[in-house]
Amino acid sequence: MNSPVASNESLVSVENVEKVFRRGSEEIHVLRNLDLQVAQGEFLALMGPSGSGKSTLLNLIGGLDRPSRGTLRVAGEDLHDLPDRKMAEWRARHVGFVFQLYNLMPVLNAERNVELPLLLTHLNRAERRQHVAAALDVVALSHRAKHYPRTLSGGEQQRVGIARAIVTDPTLLLCDEPTGDLDRKSGDEILNLLQALNREHGKTIIMVTHDPHASARASRTVYLNKGQLSTEPVI
Amino acid sequence: MSGLINWILQVGAVTRFGLLSIPQRRGSVTAAVLGIAGVVTVLVGVLSIAVGFKTAMDSSGSPDAVIVLRTGADSEMVSGFDRAQTRIMADAPGLAKSERGPVSSAELFVIINLPKRSTGTDANVPLRGVEPAAFQVRDNFRIVAGREFGWGKNEVIVGAGAAQQFGGLELGGKVQVGSYTWPVVGIFTAGGGTAESEIWADATVLQQAYNRGDTYQSVYARLASPDTFTQYKDALTTDPRLSVKVFRQSEYYAEQSTAMTKLITTLGVLIAALMAVGALFGALNTMYTAVAARKREIATLRALGFGSTSVVLSVLGESVVLALAGGLLGGVVAYVAFNNFQTATMNWQSFSQVAFAFKVTPALLVWGIGLATAIGLLGGLLPAVRAARLPIASALREI
Amino acid sequence: MKYFHLVWSNLGRHRLRTTLTLLSIVVAFILFGFLSAIKQALVGGISVDGNDRLIVRHKVSIIQVLPASYEPRMEAIPGVAAATHFTWFGGVYQDPKNFFMQCPVVPEEFLELYPEILLPEEEKKAWLATRTGAIVGRKSAEKFGWKIGQRVPIQTPVWVKSDGNHVWEFDIVGIFDGKNKNTDTTPLYFRYDYFDEARRNVKGQVGWYGLRVQDPTRAAEVAALVDAEFQNSPAETKTEPEGAFVQAFANQIGNIVMITAGILGAVFFTILLVTGNTMSQSVRERTGELGVLKALGFTNGHVLALVLLESCLLSVIGGLLGLGLARLMTSGGDPTGGMLPLFFFPTRDLLVGVVLAVALGFATGIFPALQAMRLRVADSLRRM
């Protein structure tokens, strides 16, 4: 795989980042002076209580939102002042998202859902089919390709979600509570899959979770509390 | 008895919840109400044309007035008599008498081209030559501005409708016929009938201008009473010197208005029916949305013990209330926009213009609101049934 | 069109809602077709073949007659290529319901001046050879079941034969077709020489004239010359282009264009509301999904295009269905049985309808599309 960053540079580089939301006249500091480096090939778990800013940080790294202050370089691109259109193209190339509630299109079947990000590429129909088949194979759902989301179990839906995230072979996989809505058994399957993607396919993964059982699978865990990072859990 | 009251209270409560949630569904509710209002406006508007036209034609003749034409003629245009024949008709039994003799007017009927004010293009305007009794033959004849024309003079008076619709017919205007120029010296009304679309002159003056010699085209007369019609008719039809048809004026004009009224009514109903189908789809959409939006609330009410009939009735009730609102709105718009709107159209039988006003009658409004109610009932029925059939348990869990 | 499947699937999300919306669009366009056909019937008689033709009538009104002797004088006017005359016959066949137009004409002149009347050569010869011969349009021939060789009685209150009879008999020698769809093929034309000789009154007088000018751009000039020629004579004339004459005649019924536009305005406004509301509703419901698409890298432009495409697809399908149905439903011809002989849905208006369908799709989709485009991804994901 071609790496978009030099080997001595972090894939994700967050420096002095602040995120402020406004509610009326009140300013809420969700993230303060935050620094985080993630190297190529890492599987990072991001933990913390609800409202600690985990999802906000993940959105910033994924280019869904912009920091109020600070520098944010991901996959060789300075995200702070990238125009919307460029940002969308950058996301399509470098980021695969996995959501807690899977966020599949209910009107599309599994393979069409997986195909979605490929519509933004220059691949032709046959090539898209090939990629979709490969991605579904990785998540072991080839036999369910024609099924619609409502006929799939939660675990299966999440596997379709992962297939959709990896089908474009992105640089970075961002998972927001990927097991948050699943039972233990299905959750384990998903975590096995993510681990395999990290180890066998070399995918860099950042996973938001509040489940220690999930974070145990990661190669490194950081904790977020009141907008600041630490390497130790906060009780 | 208390069961019935309880049930009514239930329906009332459920309906109230529905109506209270309308502000959250502003968009679809507004669309449905305005959609139905549009249908009612178009239905009432188009039919008001037909009613207005028919009113003008119907008020043209009272049952004790007659019109005589030559046998074989279906309109004044192709009819014809000489002076002697019109005298026989005037002297026949059964006619009303005034101090000047029988109330009978021998008349000429021609058409002149004048520009229609609304479009600027030429229209066929009827020009009638009359005898003095003409003013008594028509109901409610009245000069409303200026004066009568002078007998034997080159002057005309103009019906109020014609004066308004055609260029040059205002008081003080001029009518050009060949080398003659006739000033307009008066404006008259005649109970809203077709005479108000005409220009009147002295028959002898018109005979001269048109080289008609001493001939006429029709005879308008007033009966002594509506019952003497048969007497008068028989006297004329059995007279070997005459070959004529006698009509009551009311029947004659009713006959003339049928074709146009039928055309407008057919087209109007067709258009409104198509639109109503469109609005029905709109209403269905709105009510399905309403049911979908209130899924949980309805399930909660059902769980609390409200019956499924009260749910059905409340959804139906809401739909009808919205439709009625649309119907009323449409009725008001149609009334304001169309009632007494002045226009003129072609009367094919006389090949000339009839000025008339659109009439939005209470009966039309009732029709319009009835249609709206029907749309509301139909549009509410299927969604109501769906609401009643919602599985309570799963609907409760939905967010 | 790789996004087609996505757009199509979204339309299938609420089948019932989509179907209902589609049907109301279909209804609107059927109505459009009907109103076009009515308008066509009333003002569509203006033919392209007639742009070099003028109509000359008596100045006071069309019911007044003009001398037949005007014809050579008209032909002598500079700029006039040919002239022929018509007279209103006003007859019916058997029953007053069977009302249609009949006209005595001079066959050679008439056929020369009106090339849109298509008559086979041998039937033309037969007409020239038969004094009581008449040709009738295809529509009336079919309506009354007339065949060539048949003798038909036409009754008129207007014209009396010298024997006092009001019933005239003609031998059908030809059946003509129209070159264009808007050529009226209901009239019956018979020979003026026979008519003039057989009538008792007003011999030598005709109803109106048709003229052809050499140069259509100078039509107004020629019209003025014609009217000047007959000024101060007992029968003064009014000359106008055929199109203006037909338009003025239609205006006598009422301002058709205005009424049609009014009704269509109301209908489309209603449909716009219903469809627009459905679109924005379905966009609102899909906020989260649209956010996911954006997270996957779909640009604002993509999202705008997807929503617009969806509304346009819905409205174009509905529009085409409605226009097609309208075309079918109006293909039966005049629904009033005689009052609107040129009732059909013209192709020109069909194309206008297609454009309207696209415009409707755009108008109903643009606001929800802009709304979708402006969604902030992070917010919309939270609403999923």
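# Exercises on a three-chain predicted model

**Exercise 1. How many residues do chain B and chain C each bring to their contact, and which element of chain B gives the most?**

Start with the totals: the contact draws on 43 residues from chain B and 39 residues from chain C, where two residues are in contact if their C-beta atoms, placed from the backbone, lie within 7 Å. Before going on, a word on the ground rules. This is a predicted model in which local features need pLDDT of at least 70 and side-chain atom pairs count only at pLDDT 80 or more, while totals for chains, interfaces and linings use all residues. Residues are numbered from 1 along each chain as its sequence is written, and chains are lettered from A and ligands numbered from 1 in the order in which they are written.

Next, break the chain B side down by element. Helix H2 (26-58), strand E5 (104-115), strand E6 (122-130), helix H8 (249-293) and strand E15 (342-347) of chain B each give two or more residues. Helices (H or I, at least four residues) and strands (E, at least two) are DSSP runs, numbered from the N terminus. H8(B) gives the most, with 14 residues.

Last, sort that side by class: 21 nonpolar, 19 polar and 3 charged residues. Here Ala, Val, Leu, Ile, Met, Phe, Trp, Tyr, Cys and Pro count as nonpolar, Asp, Glu, Lys and Arg as charged, and the others, Gly among them, as polar.

**Exercise 2. Which pair of chains has the most contacts, and where does chain A fit in?**

Of the 2 pairs of chains that touch, B and C have the most contacts. Now try chain A with chain B: no contact joins them, and their closest C-alpha atoms lie 14 Å apart. Chain A does touch chain C, with 20 residues on chain A meeting 20 residues on chain C. Helix H2 (residues 84-94) of chain A supplies the largest share of the chain A side, 6 residues. By class, that side has 12 nonpolar, 2 polar and 6 charged residues. For the complex, the predictor gives an ipTM of 0.85 and a pTM of 0.78.

**Exercise 3. What radius of gyration does chain A have, and what would a compact globule have?**

Chain A has 235 residues, for which a compact globule would have a radius of gyration near 18 Å; chain A has 18 Å, so the two agree. (The radius is taken over C-alpha atoms; the globule rule is 2.2 Å times the number of residues to the power 0.38.) The C-alpha trace spans about 50 × 40 × 40 Å along its principal axes. Chain A holds 7 helices and 10 strands.

**Exercise 4. Is H5(A) largely enclosed or open?**

Helix H5 (residues 154-166) of chain A reaches 19 Å from its first C-alpha to its last, close to the 18 Å expected; the expected span is 1.5 Å times one less than the number of residues. Since 11 of its 13 residues are buried, H5(A) is largely enclosed by the rest of the structure. Buried means 20 or more other C-beta atoms within 10 Å of a residue's own, with C-beta atoms placed from the backbone. The buried residues include A:Glu156, A:Arg159 and A:Ile162. What do they pack against? The partners are strand E6 (95-98), helix H3 (110-115), helix H4 (125-138), strand E7 (172-176) and helix H6 (184-200) of chain A.

Notes
A residue is buried if 20 or more other C-beta atoms lie within 10 Å of its own, exposed if 12 or fewer, and partly exposed in between; C-beta atoms are placed from the backbone.
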